[in-house]
Amino acid sequence: MEEAGVGAAKLSRRESISPVKGESPLLGPRGEQRSCGGVRRRRDPSPLGWGPRRGRAYPSGTPSRCPGPASATMSHQTPLGSSVPHPSCLDLWREKNDQLVRQAKVAQDSRLSLRRQQLAQDALEGFRGLLHSLRGLPAAVPVLPLELTITCNFITLRASLAQGFTEDQAQDIQQGLERVLETQEQLGPRLECGLRGLWDSVLHYSSLLLELLPALHHLAGLQAALWLSTDCLGDLTFLLQTLNGNQNEASRNLLRLLKTWSPPAEETNAPLTLQDARGLRNVLLTASAFRQGLQELITGSLPRALSSLREAASGLCPRPVLVQVYTALGTCLRKMGNPQRALLYLVAALKGGSTWGPPLLEASRLYQQLGNTAAELESLELLVEALNVTHSSEAPQLLIEVELLLPRLHPASPLHCGTQSQAKYLLASRCLQVGRAEDAAEHYLDLLALVLDGLESKFFPPPSPAGPCIPEVFLEAAAALIQAGRAQDALTVCEELLSRTSSLLPKMPQLWEDARKGTKESPHCPSWVSATYLLQGQAWVQLGAQKEAISEFSRCLELLFRATSKDKERGPASNGEKGCVSDMTLQQLRAAALISRGLQWVASGQDTKALQDFLLSVQMCPGNQDASFHLLQTLRRMDRRDEATALWWRLEAQTKLPQENAAWSLPLYLETYLGWIRFPDRETLLEEFQTSLPEPCDL
């Protein structure tokens, strides 16, 4: 009766451990139970047809001492079935493992960083030495649960101290799997299969004993973490399918596979672990949901992104990760047209931790979308301050945490808030765009002070999504200063820019030839220099120096016309031609310089010269209506009625056509400049000219 009770109890325990009903690689076919009585035996003869007695010492004599690795190896030059370690050895190994786990936890609780690091490093070396001792002996099933547990503790501590997985951890996992296969003497042909092949062999090991289940699931959790952190999602999906006993196409959803995976519970008397398999599963589920949600957010799959991010938020997130999840949820809801709900998540993100950069940047985007300029600029100001503060980060846990499994933020990610100088540029440019010229001027000057040191070596980087290249920042700063009425300061900024580009002026023809050939020289330089002359001319206009202004506009045009001839030789630039100034930008620069010089001719009473410039600007940039209106006014003033009437009819027809949104964009400094020379009241001019026309005769 006693034996029947024990057998029934063990059968019940084994069935509760099984991850799925039916056939599984970790159980026999059709749920056939493995032998789990006092001594476990297989039905087919095998050198591994025995197992340890639960709760008893291993069946061997009582030794007086535990042999070391060398002597233990010598004592195991007998068949595998008789190579059972002495009970005191197994107890000592387990006691050493538990002691090292407690030491690592003491290190985690220590507030002294040096002491914490030393205790953790000592524990790591202890695990390393313990593994070295065990691997010096032939692999034996009774020892494998402890050996695999020590392997898992060693990998966990090593990865947490290194703050990431490396090839070393992959080798540790491989050695653990090879030790399992050694017990069946089937290792040789399987070494060439890699980790995926080893896992397939181990998990389909027909004689696998139940004692290995918790340790193997623990090791599988670490393998899953490694593959997730290195984006080996195909291998990770295969592993989870194998663990769950389901490999059909419908089970390829990673989050569903992780939810289905149910690692067996560890026994109460099992060796201590730093982090068990179920804890690893929860970390994997949160990290996978967050990674998937971010990817779906970037690709525009907003409903799916919302579901994945909510799944991540419901998991066990550390505070820094929860801030990122809430910020991503705010981004997703803003793009879905729910600004109020987005704002709630952003407020929660700001309250949840000290990493304020991403939620503040997203808040500025939200307020911009809502048209709340004051709140938008305030968010950007707080962002600049937040990026200037160095926060003391909390010491990472000596565990596999969500942060270790997340990829580095790409600049296109909504969670990428950049550097303090990038945030300062964003604030300055937004102030310039919304008409806060004084604030923009101050922010641009602060920005130039940040980037001016060490600028020579990186003065000509290509434009990037994070912002324009440094010369364009100079040009925007000059434009902001002119708009703020600080023309003299604008001249100083322009002179600084010219001093850094003057060495390239003799090379201009060669630069355009290099642009045609696609070499590394920057074809932006002619447009930068010509734009600098253009802004200097406008600064002289503000200072009332008409002669100097006309001279700067003429220098700008000379350089631009030289660039035009090179453009014709190399053909039109395609929209995707990386590194080249767009044709539209060059056209608008030429139109701006011609209109500006024409206005100065008008101010000096030289209408004939003004007419030539306005007419040329219309010919070179037909899409610029400001040039046409300035030309119309000049023709009317010069009483050239027929030409003015023909132009008026054309303009009248254009105003009645539906306005199409421009498919091109101009640099901010050029957009600002074009606003200064815009014709003040187009409709009034057209109406006045119409009243002066003779009544049409009916035919």
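## Helix α26 and its ends

Helices are DSSP runs of H or I with at least four residues, numbered from the N terminus. In this predicted model, helix α26 covers residues 625–637. Its 13 residues should span 18 Å at 1.5 Å a residue, and because the end C-alpha atoms are 18 Å apart, the expected and computed values agree.

At the N-terminal end, N624 acts as the cap of α26, with a side-chain oxygen 3.0 Å from the backbone nitrogen of D626. D626 itself is among the buried residues of the helix, which also include F629, H630, L631, L632 and L635. Just after α26, D639 adopts a positive phi of about 60°.

## Cysteines

Zero disulfides are found in a search of the whole structure. C89 has a relative accessible area of 2%, so this residue counts as buried, the limit being under 20%. C332 is likewise buried, at 0% relative accessibility.

## Aromatic contacts

Five aromatic pairs are found in the whole structure. One of them joins Y326 and Y345: the ring centres are 5.7 Å apart and the planes stand at 50°, so the pair is tilted. Y326 belongs to helix α13 (residues 319–335) and Y345 to helix α14 (residues 339–352), so that the contact links distant parts of the chain, 19 residues apart. With a relative accessible area of 22%, Y345 is partly exposed.

A further ring contact involves a charged residue: R196 lies over the face of F238, at 4.4 Å from the ring centre.

## Salt bridges

Side chains of opposite charge can pair when their charged atoms come close. The count for this structure comes to 21 salt bridges. R158, in helix α5 (residues 144–162), links to helix α6 (residues 167–182) through D168, ten residues apart. The closest N and O atoms of R158 and D168 are 3.1 Å apart. R158 is buried at a relative accessible area of 18%, whereas D168 is partly exposed at 33%. R158 also forms a salt bridge with D172, again with closest N and O atoms 3.1 Å apart. D172 lies in helix α6 as well, 14 residues from R158, and both R158 and D172 are buried.

K424 and D446 form another salt bridge, their closest N and O atoms being 3.5 Å apart. K424 is in helix α17 (residues 420–433) and D446 in helix α18 (residues 437–451), so this pair ties together parts 22 residues apart in sequence. K424 is buried, at 12% relative accessible area, while D446 is partly exposed, at 37%. Elsewhere, E147, R179 and E182 are joined in a network of salt bridges.

How values were computed:
Residues numbered from 1 in each chain as written. Predicted model: local features only at pLDDT ≥ 70, side-chain atom pairs only at ≥ 80, totals over all residues. Heavy atoms only, no water. Helix = DSSP H or I, 4+ residues; strand = E, 2+ residues; numbered from the N terminus. Expected span 1.5 Å × (residues − 1). Buried < 20%, exposed > 50% of the residue type's maximum accessible area, 1.4 Å probe, protein only. Polar contact = N/O pair within 3.5 Å; in protein donor to acceptor, adjacent residues only side chain to side chain. Disulfide = S-S within 2.5 Å. Phe/Tyr/Trp six-rings, centres within 6.5 Å; stacked < 30°, edge-to-face > 60°. Lys NZ or Arg CZ within 6 Å of the ring centre and 35° of its normal. Salt bridge = Lys/Arg side-chain N within 4 Å of Asp/Glu carboxyl O.
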